[in-house]
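Here's a protein model to walk through together. Keep the structure in view and follow along from the overall layout down to a few side chains.

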Amino acid sequence: MNILLNGAPHEIADDLCLADLIAQLDLIGQRFAVEVNAELVPRSRFAECHLISGDRVEIIQAVGGG
């Protein structure tokens, strides 16, 4: 199925949860925030947040600097 990931079309498997998407994108252990359809999703809900076709997912990574 297709979702929009940071504004670009992205093909994912059916019945994929947000935790699986994060793992596929190799983001485990990194600092980031995730919105699905303009709603912030807490890390504690990544495994229960199942994506559906047409969802808009925004992943914002924290950038350090000085």
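Starting at the N terminus, the elements of this predicted model come in the order β-β-α-β-β-β. That's one helix and five strands. The radius of gyration is 12 Å, and the globule rule gives 11 Å for 66 residues, so the protein is as compact as a globular protein of that length. If you line the C-alpha trace up along its principal axes, it spans about 40 × 25 × 20 Å. Of the 66 residues, 30% are buried. Looking at contacts with a separation of 6 or more, you'll find that 54% of them involve residues 24 or more positions apart.

Now for the strands. All five form an open sheet with mixed pairing, and the order across it is 2-1-5-3-4. At the edges sit strand 2 (8-11) and strand 4, each of which pairs on one side only. Try tracing strand 1 (residues 2-5) next to strand 5: the two run parallel and are joined by two bridges. One spot to look for is Leu5, whose bridge partner in strand 5 is Val57.

Next, zoom in on the aromatic rings. How many aromatic pairs does a search of the whole structure find? Just one. The partners are Phe32 and Phe46, and their rings are stacked, with 6.2 Å from centre to centre and 15° between the planes. Phe32 belongs to strand 3 (residues 32-36), while Phe46 is in the loop between strand 4 (39-40) and strand 5 (56-61), so the pair ties together parts that are 14 residues apart in sequence.

Are these two rings' residues buried or exposed? Phe32 has a relative accessibility of 10%, so it counts as buried, the cut-off being under 20%. Phe46 is buried as well, with a relative accessible area of 8%. Phe32 has another neighbour to look at: the charged end of Arg43 sits over its ring, 4.4 Å from the centre.

Last stop, the charges. Side chains of opposite charge can pair when their charged atoms come close. This structure holds one salt bridge. It joins Glu48 and Arg45, with 3.3 Å between the closest N and O atoms. What about the accessibility of Glu48? At 54% relative accessibility, Glu48 counts as exposed. Arg45, on the other hand, is partly exposed, with a relative accessible area of 34%.

How values were computed: Residues numbered from 1 in each chain as written. Predicted model: local features only at pLDDT ≥ 70, side-chain atom pairs only at ≥ 80, totals over all residues. Heavy atoms only, no water. Phe/Tyr/Trp six-rings, centres within 6.5 Å; stacked < 30°, edge-to-face > 60°. Helix = DSSP H or I, 4+ residues; strand = E, 2+ residues; numbered from the N terminus. Buried < 20%, exposed > 50% of the residue type's maximum accessible area, 1.4 Å probe, protein only. Lys NZ or Arg CZ within 6 Å of the ring centre and 35° of its normal. Pairing = 2+ DSSP bridges. Salt bridge = Lys/Arg side-chain N within 4 Å of Asp/Glu carboxyl O. Rg over C-alpha atoms; globule rule 2.2 N^0.38 Å. Contact = heavy atoms within 4.5 Å.
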